[in-house]
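Reader: I'd like a close look at one part of this model, the sheets of the first chain and the helices packed on them. Could you walk me through that, and then show me how the surroundings fit in?

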Amino acid sequence: MVFKHDVLIVGAGLAGLRAATEVAGKADVALFSKVYPTRSHSGAAQGGIAAALENEEPDSWEWHMYDTAKGGDYLTDQDVAEILAKDAIRAVYELEHMGVPFNRTPEGKIAQRYFGGHTSNFGQAPVKRICYAADRSGRVMMDTLYFDAVRKGIKIYPEFNVLDILIQDGQVAGLVAYELASGEVHVFHSRVVLLATGGYGKVYKVSSNAFASTGDGLALTYKLGLPLEDMEFVQFHPTGIWGLGVLISEAARGEGGVLRNGEGERFMERYAPTIKDLAPRDMVSRAIYSELKEGRGINGQDYIHLDLTHLGEKKLAERLSDISSFVRIYLGLNPATDLIPVHPTCHYMMGGIAVNIDGNVIDVKNNPVPGLYAAGECSCISLHGANRLGCNSLLDLVVFGRRAGQHIAESLNHLSWVEPPAAAQRDTLDRIRQIKENRAGEKAVSIRQTLQEVMMDDCSVFRHEQGLKKALEAVRGLQERARNISIDHGGNRYNTDLMDALELRNMLLLAEAIVASALNRTESRGAHSREDYPERDDEHWLKHTLVQRTDSGVSITYKPVTITRFQPKPRAY
Amino acid sequence: MELRFKILRFDPQSDKEAYYKTYTVNARSEERILDCLNRIKWEQDGTLGYRMSCAHGVCGSDGMRINGVCALACQKLVQDYAGSEEITLEPLPFFQVLKDLIVDMEDFLARVDSMRPYMIQSEQPPERERLQSQEDHKKLEEAIRCILCACCTGACPVMSENPNYVGPAALVWAYRYLYDTRDGEFMSRIEKLNEPDSVWPCENYFECTRVCPKSIPITKSINFMKREIKKQLPDSGKQ
């Protein structure tokens, strides 16, 4: 059966929801989610959303813009950072007006707290810029927007996995989706497709990401020959629960928590003398790895401690209650009295589908693809540069999700309907049949686990040429093995076995793009830290990576960074 | 250690009725029940159906009945069942089974929607934020923890006695907006809550409160709303 809507939005996290509610009422819009709605990973965001409201301390959007560019190690496009920092204030008030239950100051205004890399007066001292609802800020924002979408009558296709985008004559014609409940493959005809499929942290063994974070949207565009941008920049959050990778929000340090090594030392004082534990995530994760390498882990193990014992029960209950419960449930510890064992965990992908400032997907020559958009973590609008600051991602989602929605609504007038290719779903069905009918192949699990280990060992916080070359070869070997996947489940209802196999192939494509981009960049910048090239090299590398699939293999090109107000300077905190 | 899992299986397309299938896995005591389920599915039987995503009690996908009690498989550890020779996994009671441990959530969400879980305000908002005191915000602190996992509704004995009962999760959302000082529909929400299938069927079994993975005092909130209705509408209400 063929379905038809003006605009199809893939992913019902915050970016997708915010774009959808912007388009609703102006055009017929439908939302796809491969998980059940309200399960999207935006809901796992804990710390909050950044905006220079000045509710607690003097602040300005210029400082926020500067922090974003410096946090991104000057790979941030500054025109994008300017839009973000200026629009942040309106965006937070909008969320408040919709009902997001932000914590409050004694005067009843939105409360604000400290967070890594957010400073006053261009780096002088930490500033309270983060609006929050305890440590479940993402969840309450997502629920608020979800019920707003329901209220607006937006059509939602729950548990539909989008497997192909249909392009005809260089323009979007729709997409092909797999319905998990029935196993049916449907063609959806449209004039616009917006991808908002989130990150792909599941490429790594230790990750704060959900199982659903497999980068499907990136793989869809990459397979079309469109470029992915800045894929080498992978953020490791400093404080994942040791062994599990479950996130302990940076808000823990924003509220006064400190990191301690095996000697009990607050080691961040040595690495970032001005803002210490509130340094950006790339620096703190490197500092932790350096402490571990120099033998200052806890009892010789590969973790350090997060110390919240001085915060008091009241603050933990009012502002950090979810992470307190994670610590109790998974470690059997009480954060009010016990030190928490933590280790960096793969958290966020700065790289993604190359888009322009309106969220329109672009090719390597910066030409927009009519009707194709991307927003949120799956996109690279070049906001976060080489390292994202905490609380700039929820902001990114609502600011640029809305902006993409606005641009879509305006563009619809001059976007015509193009017919999807005849038998549009044939390729998709063939791919599914091939996996289902393969009886003698390999299960996805061993390939996936090997991939996650390879990426963790050779392409995580610290990298070097030898390891990256080894990883590239290993990933390509795994891609070969993944051609021969077989599954147990031959049925049609909720065949998650089949989905696992398809998602693994997506992750393998993205892993290759990450490693190839990382191998090429012979400098250290932000989250990309090369042991063999430890310095930032603006002369040669102040440029964005574009990685693309061509007939002759993976091709890498570069494009300039937009610098407006802030010239690159050495990055110290 | 070796651990046995007895899992209720049912594929409405091919099975006449549900049946139990037993699997054995090696598990460490600090592992999640979800880790065991994943190992069963990935290594032994890819036909097994269950939902999961974040794996740390935030997304709300993996609500199910574990040894007879509704819970999230990612929030329960093997050591929580020390002493059990076998762990039984069944879908949430009361819900229609779509496959194995996967249940139909449509009706559940429709019940939540019926409580208008969004802010309604006819007055134009101010340029900046609406003010709200810390005390007023605190009233919402517990209700906003809800992740729509449906454990409470699955556990509620009233749901099977009275299938029209809107259920505990919907009432948590009703509470969350009833007591949000920024909302403009307090009285119409009270009237909605006074309908026969809203708060009144609750008989204080406290099962919802016992199983809530986010420790929301659900029964207490329902009783609070019952008293509020009696205060606001002295002539109506049950009892």
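Author: Here's a tour that starts with the sheets and works outward to the domains and the chain contact. Keep in mind that this is a predicted model.

Let's begin with the six-stranded sheet of chain A. This sheet is open, its pairing is mixed, and its strands come in the order S9-S3-S2-S13-S21-S20. At the edges you'll find strand S9 (155–158) and strand S20 (360–362) of chain A, and each has a single partner strand, so one side of each has no neighbour in the sheet. On average, neighbouring strands here are turned by 30 degrees against each other, if you ignore direction. For a look at one pairing, take strand S3 (residues 29–33) of chain A, which runs parallel to S9(A) and is joined to it by four bridges. Within that pair, Ala30(A) sits opposite Lys155(A) in S9(A).

Now for the helix on this sheet. H11(A) lies across strand S2 (7–10), strand S13 (192–195), S20 and strand S21 (368–374) of chain A, and its angle to S13(A) is about 175 degrees. So how does the length of helix H11 (residues 392–411) of chain A compare with what 1.5 Å a residue should give? Its 20 residues should span 28 Å, and the end C-alpha atoms are 27 Å apart, so the two agree. And is H11(A) enclosed or not? Of its 20 residues, 17 are buried, so the rest of the structure largely encloses H11(A). Buried here means that 20 or more other C-beta atoms lie within 10 Å of the residue's own.

Chain A has another open sheet, this one of four strands, in the order S1-S12-S11-S10 and again with mixed pairing. Strand S1 (2–4) and strand S10 (160–168) of chain A are its edge strands, each pairing on one side only. From one strand to the next, the twist averages 30 degrees. S1(A) and strand S12 (residues 185–189) of chain A run parallel, with three bridges between them, and Phe3(A) faces Phe188(A) in S12(A). This sheet has a helix across it as well: helix H12 (residues 426–437) of chain A covers S10, strand S11 (171–179) and S12 of chain A, at about 140 degrees to S10(A).

Zooming out, chain A is divided into domain 1 (6–10 + 15–39 + 137–189 + 366–372 + 408–420), domain 2 (240–344) and domain 3 (426–543 + 553–560). The C-alpha centres of domain 2 and domain 3 of chain A are 30 Å apart, and five residues of domain 2 of chain A are in contact with five of domain 3 of chain A. On the domain 2 side of that contact, helix H8 (residues 281–293) of chain A gives the most, with four residues. That side divides into two nonpolar, one polar and two charged residues.

Last comes the contact with chain B, which takes 44 residues from chain A and 44 residues from chain B. Helix H3 (78–98), helix H4 (137–151), helix H10 (321–331) and helix H15 (496–520) of chain A each supply at least two residues of the chain A side. H4(A) has the largest share of that side, with six residues. By type, the chain A side splits into 22 nonpolar, eleven polar and eleven charged residues.

Terms used
Residues are numbered from 1 along each chain as its sequence is written. Chains are lettered from A and ligands numbered from 1 in the order in which they are written. This is a predicted model: local features need pLDDT of at least 70, side-chain atom pairs count only at pLDDT 80 or more; totals for chains, interfaces and linings use all residues. Two strands pair if DSSP finds at least two bridges between them. Axes are lines fitted to C-alpha atoms, for helices over the stretch in contact, and angles run from 0 to 180 degrees between N-to-C directions. Two residues are in contact if their C-beta atoms, placed from the backbone, lie within 7 Å. The expected span of a helix is 1.5 Å times one less than its number of residues. A residue is buried if 20 or more other C-beta atoms lie within 10 Å of its own, exposed if 12 or fewer, and partly exposed in between; C-beta atoms are placed from the backbone. Domain bounds come from an automatic or database domain assignment. Ala, Val, Leu, Ile, Met, Phe, Trp, Tyr, Cys and Pro count as nonpolar, Asp, Glu, Lys and Arg as charged, and the others, Gly among them, as polar.
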